[in-house]
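Thanks, everyone; I would like to walk through a few local features of this model, and I will give the cut-offs as we go.

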Amino acid sequence: MTRHTESSRAHSGSESSSEGPSESLWARLDGWWTAFEEVLADDRRAFWTVLAFGALVFLPRLGSVGLWDPWEVHYGEVAREMLARKDLVHPHWESAYFFSKPALPLWMMAFGFFVVGADATPIGEPLGAWTEWGARLPFALVAMGALWGAYRIGRLLGGRSTGVLAALILGACPQFIFIGKQAMADMPLVGFMVIGLAFFMDAVFGDEDGNRALPPLRDKLAMALVLSATGVGQAVLLASQVQGLGVLGVGAVGLASLGAVAVLWTVGRRRHQRLALFYAFMALAALSKGLAVLAIVGPTVLLYMVLAKDPGLLLRCGLLWGGPLFLLLGSPWYVVMSLFDGRDDEGMTFVRRFWFHDNFNRVGSGVHGDRGGLGYHLEQLAYGMFPWFALFPSAVLFAVRPREDEGLGRRRATLFVLIWAAWTWVFFSASLTKFHHYIFPAVPALAILVAAWFAWVAQDPRERLRGGMHIVIATLLAASAVDLVNTPSHLVNLFTYKYDRGWPSGVDAQSFIIALVAVGGVGLVAAHVFRQRGLQMLCYLAMGLVFGLWCSHWHFNMMSQHWSQYAVQETYYEERQPGERLYAYQLNWRGETFYSRNQVIQLMGKDANRRLRDLVDEPGREFILLEQSRFDTLQSVVPRKYRDKLRIIDQSNHSFYLVLVDE
């Protein structure tokens, strides 16, 4: 803490003591940053603070709501079929192979399903009660690990308190919360990348003497566990499905992984242990979403070397041995699948579908999703990082401006994070295929930069929180808040699909957002008028944390009723009688397949109406799941004698009806 900060605090305290005990309370609140730093007196306290906050955000009621259409249920069904088919290597969906996503997120879900017994009941019965917990918990744990990674990186930029603040801000960002509570590939990609970059930055920007020292047993055990689980575990899975020379190949992968562990355990210094973990977590990120991690981290490192004039990074990062380690851990499943001649539902091989269609074509020619310019992802950041987005200009200016109290290592680390954020935005803005969640890899970097600025200002807010900043922050905060109030679906669209879906009439998000911004705004203005600049910072922090917790524990749960088919299909299982099947009419939202365990009868395409009439004409009752907008069409399609017997038995979801055709 600077001498000026201490004198300012003393001056504030002397003023408050002369004006009565109530002013003394405000003075103590104004000096909250000192208490914050005192609480985080050592790394153990900081670690448990980050862990407790992560648990508070992600774990309560995580599995108490259904999996969302279309991505969670799509990947969930592929993972369920891995267990049902006893094939964890070749992903399969309905009646064909599935090549659109790498294996690791599917393995995570399959492992969760296995632990909770999701698929243990007989076919035709509903999935187990703990299914959603099994699907989501592995991803939530990765999100909590990413908060630890943000803490470690933030600590490099500004100390322990800055690190904890980085974890709090990241964990309160709506997009990070929503994706962290979803079983989809983006959190493993970003989470493992952040954890890996935390080890990388410790190794190349951290204390040089510490990096040269022998690693403690804890570091050795962490390295051995991650490398063995990634290399040997992958080899064991692959060995169950390959034959001939393939068995020798995957066996060599397992042995080489153990050899790497033995060498690093015996002769590796602390830097080697950290770099090994970096390359291992990069491999895990690559197994989560393909080439995206290389497209983000590789150019970030190269741009940093050029802009920082730091070619020595190539020597410090151990690329000559780390690159082969990354390939050893990250490529075996890809090699096996690239040699596999199975076809997906469009007749494509893995090479054609995954490598060309889902990687290169998405970036270069555009295959699906939105199109947009440079402002496309800035809008998503405004919503996905509300209200922290309003602090971006100040944080970026702070990051690019050199300071006398900043050492070389801290300066280099800050520049690296800034390039990480900027390059991610440039890359995904240049990509022709766009979804709102594609900018997600930039969110941790931006949260860390905001935390570094926020912590720096909180140390001496009277001097560092200037008048011009208030205008910029207030303008951006108001603009993004107005957008969210006018179109609350912006929050849901941060992590889902089909952005024109209707908004449920029974869900009122606007009232909370208006109340939060109004109360927070009054607090910010009052603190400014009374020159309580520290209290102003505390008020903004509280507003961001409250909004994040509301997103996690209210908004996500309320919206799940309408973006998941869980409740609708529960009604089917409760109402049906033995032998009565479920039909999906012109429906392809994936939830109908997952929650029926691939037992639903799909009625799609040109022949759907004829098939529906034939099935309805058969003896017995029929349960039909369809989009609400197709109900009138359904009434006109069924034979006339059954039209009076159509009955909607579940309309709790704003998108779907469950219809019963009585005898």
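When I say buried, I mean under 20% relative accessible area, with exposed over 50% and partly exposed in between (1.4 Å probe, protein chains only). This is a predicted model, in which local features need pLDDT of at least 70, side-chain atom pairs count only at pLDDT 80 or more, and totals for chains, interfaces and linings use all residues. Residues are numbered from 1 along each chain as its sequence is written, and side-chain values use heavy atoms, leaving out hydrogens and water.

Let me begin with strand 3, where strands (E, at least two residues) and helices (H or I, at least four) are DSSP runs numbered from the N terminus. From this strand L582 and A584 point one way while Y583 and Y585 point the other way, and all are buried. In a regular strand the side chains alternate between the two faces of the sheet. Strand 3 pairs in the parallel sense with strand 5 over 3 bridges, and likewise in the parallel sense with strand 4 over 3 bridges, pairing here requiring that DSSP finds at least two bridges between two strands. A584 stands opposite L625 in strand 5, and its bridge partner in strand 4 is Q602.

Turning to helix 31, residues 608-617, the buried residues are A608, L612, L615 and V616. They lie on the same side of the helix because they cover an arc of only 95° around the axis, the arc being that of the directions from the helix axis to the C-beta atoms. These buried residues pack against strand 3, strand 4, strand 5, helix 32 and strand 7, with contact meaning heavy atoms within 4.5 Å.
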